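Here is a set of short exercises to work through with the model open beside you. Try each task before you read its solution.

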Amino acid sequence: MKLRESNIRKLDQGVYDVLIVGGGINGAVSAAALSGKGARVALIDQRDFAGFTSQQSSNLAWGGIKYLESHDYGLVRKLCLSRNHLMRSYPSRVREIRFLSTIEKGFRFHPWFLWAGTWVYWLFGNGFTRIPRLLFKPTIRREEPAIAIENAAGGFEYSDAYLCDNDSRFVFQFVRSAMDRGCIAANYVESLGARRDGDLWIARARDVIDGKTFEIRSKVLINAAGPFVDEHNRRTGEQTEHHHLFSKGIHLIVPQITPNPRILAFFADDGRLFFVIPMGARTCIGTTDSRVESPFTEVTDEDRRFVLDNINKRLKLPRPLTRADIIAERCGVRPLVVKAKAEGNIRDWMQLSRKHEIDVNRGRAHLSIFGGKLTDCVNVGDEVAGIVSELGVDLPYPRYKWYGEPHPSVLEEYRHQAQLMNLDSYTFPGAMESLTSRLWRRYDEKALRLLEDIREDPRQAEVLIEGTEYRRCEIALATRQEMIVKLEDFLRRRSKIALVVRREDIRTAPGLMEA
Ligand SMILES: Cc1cc2nc3c(=O)[nH]c(=O)nc-3n(C[C@H](O)[C@H](O)[C@H](O)COP(=O)(O)OP(=O)(O)OC[C@H]3O[C@@H](n4cnc5c(N)ncnc54)[C@H](O)[C@@H]3O)c2cc1C
């Protein structure tokens, strides 16, 4: 029986300590933390895991340098420390990257002032990353010829971190680690709402694929439904102090703009920071920030024009980017947390904080997770575990370290085996990284199994879809372990094929049928 079917059968059996509604980053880390510490956990998502907001981010684990301007120093300090913690815990998945920013003449801040700001930022991060640099025009021209510097007053460079794969895979890795520790998780299962019956929650759930409904019983209910937290609370009769407002953001993916592995940061015409982010053989450009009322959004012509115009003004490309260069688009809403009372008094939209809040109804053992960022995910997991324990759920392994890559000895053994079988002879010339690093980053200890598959049958190392680096053995592993229900789950979230290869090319790829 397949993993998902088997898990769905288990969902209506017995009483779980905790049911988590929503498998974006907040739900995934809650599941990983609680199951690692020994709770009996169920996790459901009405879409695929990370199938909503958590697949639309800028893929940055960052301290939020721009929040210095809104004087949100506490948040910046906290996010810088969270970023450092992620980089230390996930050395292959979360890596330091340089940001090169140019400032135009007449901009509201002089480059020297902003450069001083990057030192403050660096200190907020305890000097964990490489030091900032002030850049004059000749240096910018030499180091990054793609930048148009005619109108620049100068620039600077500083460090932050990025998720080397993509956000949705990063999230799925927490779901997978929760399942490895006993969590019963299923995608495409919707919560229709829950009622409190004595000391238990009884949630009504619907398998979105076959339409069957069933009940899930738990002592604690965690609402991690992202932009739908308020809606789910309405379904459940929960009142909360906080609510969500939505800010829409888009990214466009275009052919590679520069081979240099750094992010280019600019201030757009509306004064907001936007980025040119390397994505393998592609470049991702974004983002925007506009208030919307509904979580369901799409990229409009106006959005495309805004991003393309801004980028064409600031880069010196052989020819300007046009709509025809767009390979894929991303669009989502940031769920921003506000106090219910403050909602009517918001004067400056951009100044709204990006922090998270967890509202707890102790009497009914209910948690609602509002806001947050991928960067802060380990703190959210720890905080949720702390609250659940206070609510009386026994966590037999309270000190268990539920996050992070495996012990270095496992990596050493993996590298040794990879070397002995000459795995890197399968790396293409011109690949962004060696096959040894790629497989480890994506599968960590499970990559040992892939080595075994390739040793048994070298065809398993063949690339399945041209223009990507996905090997046949990865598809087999994904089918077994990654709960893929729809092709999109694999193409868009477990891998990033749908982001880097045009739709037409995917459709005609010979390996697609096999996938
Ligand atoms: C454009 C943009 C750029 C961003 N860039 C960054 C960045 O670079 N770095 C960073 O740290 N953060 C970034 N963020 C913020 C970050 O992506 C979000 O804060 C985060 O992904 C929200 O995660 P979540 O788990 O709360 O919500 P989601 O990821 O939306 O997860 C909620 C899940 O709940 C499920 N759900 C809803 N209702 C139900 C129900 N009734 N039953 C079952 N399941 C349900 C949904 O299907 C969904 O999968 C960005 C966000 C945007 C939009």
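**Exercise 1. The largest pocket**

How much space lies in the largest pocket? Then find the residues and elements that line the largest pocket.

Solution. Keep in mind that this is a predicted model.

- Step 1: the space in the largest pocket comes to about 950 Å³.
- Step 2: look at the wall, where 40 residues form the lining, and M279, G280, A281, M432 and E469 lie nearest the centre.
- Step 3: trace the elements behind that wall. Two or more lining residues come from each of β4 (94-104), β6 (152-163), β13 (273-279), β14 (282-286) and α11 (435-443).
- Step 4: pick out the main contributor, β13, which gives the most with 3 residues.
- Step 5: sort the lining by class, and you get 20 nonpolar, 9 polar and 11 charged residues.

**Exercise 2. The second largest pocket**

Which element gives the most to the lining of the second largest pocket?

Solution.

- Step 1: locate the second largest pocket, whose volume is about 680 Å³.
- Step 2: find its centre with the help of I65, K66, L68, E69 and F109, the nearest of the 29 lining residues.
- Step 3: list the elements that supply at least two lining residues each, namely α4 (111-124), β6 and β12 (263-267). Of the elements lining the second largest pocket, α4 gives the most, with 6 residues.
- Step 4: check the classes; this lining divides into 15 nonpolar, 7 polar and 7 charged residues.

**Exercise 3. A cavity**

Which residues line the second largest cavity?

Solution.

- Step 1: note that the structure holds 2 cavities of 30 Å³ or more. The second largest of the cavities has a volume of about 30 Å³.
- Step 2: select T258, N260, R262, V276, I277, P278 and T283, which line the second largest cavity.
- Step 3: see where they come from. Strand β13 gives the most to this lining, with 3 residues.
- Step 4: by class, the residues of this lining are 3 nonpolar, 3 polar and 1 charged.

**Exercise 4. The ligand and its shell**

Which residues come nearest the ligand? Also find N or O atoms of the protein that lie close to atoms of the ligand, using a cut-off of 3.5 Å.

Solution.

- Step 1: of the 38 residues around the ligand, the nearest are D45, R47, T53, S54 and L60.
- Step 2: start with the backbone. An N or O backbone atom of L60 lies 2.7 Å from a ligand nitrogen, and one of S191 lies 2.9 Å from a ligand nitrogen.
- Step 3: turn to a side chain. T375 has a polar side-chain atom 2.8 Å from an oxygen atom of the ligand.
- Step 4: consider the cover. The ligand taken alone exposes 1,000 Å², and the protein buries 98% of that.
- Step 5: name the elements with at least two residues each in the shell: α2 (25-36), β8, α7 (229-236), β11 (242-255) and β16 (328-339).
- Step 6: count by class, which gives 12 nonpolar, 20 polar and 6 charged residues in the shell.

**Exercise 5. A hairpin**

In what sense do strands β8 and β9 pair, antiparallel or parallel?

Solution.

- Step 1: follow β8 (residues 189-197) and β9 (residues 200-207), which pair in the antiparallel sense over 8 bridges.
- Step 2: look at the link. The two strands form a hairpin with 2 residues between them, and G198 in the turn has a positive phi of about 65°.
- Step 3: return to S191 from the ligand exercise. Its bridge partner in β9 is A205.

Note on methods:
Residues are numbered from 1 along each chain as its sequence is written. This is a predicted model: local features need pLDDT of at least 70, side-chain atom pairs count only at pLDDT 80 or more; totals for chains, interfaces and linings use all residues. Side-chain values use heavy atoms; hydrogens and water are left out. Two strands pair if DSSP finds at least two bridges between them. Helices (H or I, at least four residues) and strands (E, at least two) are DSSP runs, numbered from the N terminus. A residue is near a molecule or strand if one of its heavy atoms lies within 4 Å of it. A polar contact is a pair of N or O atoms within 3.5 Å; within protein, one must be able to donate a hydrogen and the other to accept it, and residues adjacent in sequence count only if both atoms are side-chain atoms. Accessible areas come from the Shrake-Rupley method with a 1.4 Å probe; for residues, only the protein chains shown count as cover. Ala, Val, Leu, Ile, Met, Phe, Trp, Tyr, Cys and Pro count as nonpolar, Asp, Glu, Lys and Arg as charged, and the others, Gly among them, as polar. On a 1 Å grid over the protein atoms alone, a cavity is a set of points where a 1.4 Å probe fits but cannot get out, and a pocket is an open set with protein on both sides within 12 Å along at least five of seven lines; lining residues have an atom within 4 Å of a point. Grid points are joined across faces, edges and corners, and a volume is the space filled by probe spheres set on the points.
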